[in-house]
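Let's look at a protein together and ask how each label for it is earned. Every answer will set a value beside a definition.

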Amino acid sequence: MQNFKVPVSPSLSARQRILLTAHDLFYREGIRATGIDRVIAESAVAKVTFYRHFPSKNDLIREFLEYRHERWMNWFSDALQRHGGDIEALVPSLSEWFKHEDFRGCAFINSVGELGGTLPEVVEITQRHKQEMTDVIAGLLPPSRWRKRDAQDLALLVDGAIIRAQIEQNADVALTSLSRLLKALSNSLHRG
């Protein structure tokens, strides 16, 4: 499992230190719960340096989500290929993530829950993220005229498993349900 937490080193640029620090804090503790002063202190930058790179917290939130999207999608695509490159790869791939000590659910779903009504860009970035996740899932399916719809159904199952693993704090419960549902669905997936 790729660790989404990247060590913050003094050798990194101020912008990178701010972004990595915010990434870890926003994901672990929540966006609203994490104040700018804490990000500044933990990234070891001056307040003026912070605001030079991120004029507002909203700018940092958008950058956090873009960064998270890139890292998560790279991991997801890689994990699916390592586990066979078909829909059966979903469960072992998600297992890597769900069982990681840093797992706190989907950063995008969490962000929409926190800010979706006040920062429309969060919803837009999340929609793009979920569409790209669905597109990757579609690539696991055999070509058919129903591929897009089948991928949307599978993406819904993945999101449900993510939420269940987060709420129950037990990856096995979510993974067992996902596995059972995938087996049932695979019999009805449209082929050809």
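The questions below go from the whole chain to single residues.

Q: What kind of model is this, and how are its residues numbered?
A: It is a predicted model, in which local features need pLDDT of at least 70 and side-chain atom pairs count only at pLDDT 80 or more, while totals for chains, interfaces and linings use all residues. Residues are numbered from 1 along each chain as its sequence is written, and side-chain values use heavy atoms, with hydrogens and water left out.

Q: How many helices and how many strands does the protein have?
A: Helices (H or I, at least four residues) and strands (E, at least two) are DSSP runs, numbered from the N terminus. Here there are 9 helices and 0 strands. Read from the N terminus, the order is α-α-α-α-α-α-α-α-α.

Q: What makes the protein as compact as a globular protein of its length?
A: The radius of gyration is taken over C-alpha atoms, and the globule rule is 2.2 Å times the number of residues to the power 0.38. For 192 residues the rule gives 16 Å, and the protein has 18 Å, which is close, so it is as compact as a globular protein of that length. Its C-alpha atoms fill a box of roughly 60 × 30 × 30 Å along the principal axes.

Q: Why is H129 called buried?
A: Buried means under 20% relative accessible area, exposed over 50%, and partly exposed in between (1.4 Å probe, protein chains only). H129 has 1%, so it counts as buried. This residue sits in helix α7. In the protein, buried residues make up 45% of the 192 residues.

Q: Which residues does H129 touch, leaving aside its neighbours within four places in sequence?
A: Contact means heavy atoms within 4.5 Å. By that test H129 is in contact with H69, W72, M73 and F108. Across the protein, among contacts between residues at least 6 apart in sequence, 64% join residues at least 24 apart.

Q: Why is S11 called exposed?
A: Its relative accessible area is 67%, so S11 counts as exposed. S11 is in the segment before α1. Its C-alpha atom is separated by 31 Å from that of K99, and the two residues are 88 apart along the chain.

Q: What is notable about the phi of A44?
A: Most residues other than glycine have a negative phi. A44 is not a glycine, yet its phi is positive, about 55°. The residue lies in the loop between α2 (36-43) and α3 (47-53), and with a relative accessible area of 57%, A44 is exposed.

Q: Where is Q169, and is this residue buried or exposed?
A: Q169 is found in the loop between α8 (147-168) and α9 (171-186). Its relative accessibility is 72%, so Q169 counts as exposed. Q169 also has a positive phi, near 55°.

Q: How do you know that R15 and E63 form a salt bridge?
A: A salt bridge is a side-chain nitrogen of Lys or Arg within 4 Å of a carboxyl oxygen of Asp or Glu. For R15 and E63 the N to O distance is 3.5 Å, and the pair meets in a salt bridge. R15 is in helix α1 (residues 14-29) and E63 in helix α4 (residues 57-82), so the pair, 48 residues apart, links distant parts of the chain. R15 is partly exposed at 30%, and E63 is partly exposed at 29%.

Q: What makes D37 and K47 a salt bridge, and which helices hold them?
A: Their side chains meet at 3.2 Å, N to O. D37 lies in helix α2 and K47 in helix α3, so the pair ties together parts that are 10 residues apart in sequence. D37 counts as exposed at 52%, whereas K47 counts as partly exposed at 46%.

Q: Which parts does the salt bridge of R62 and E121 tie together?
A: The N to O distance in this pair is 3.0 Å. R62 lies in helix α4 and E121 in helix α7 (residues 120-138), so parts that are 59 residues apart in sequence are tied together. Salt bridges that share partners also join R28, E29, R38 and E42 into one network.

Q: How many salt bridges are there by this rule?
A: The count comes to 14.
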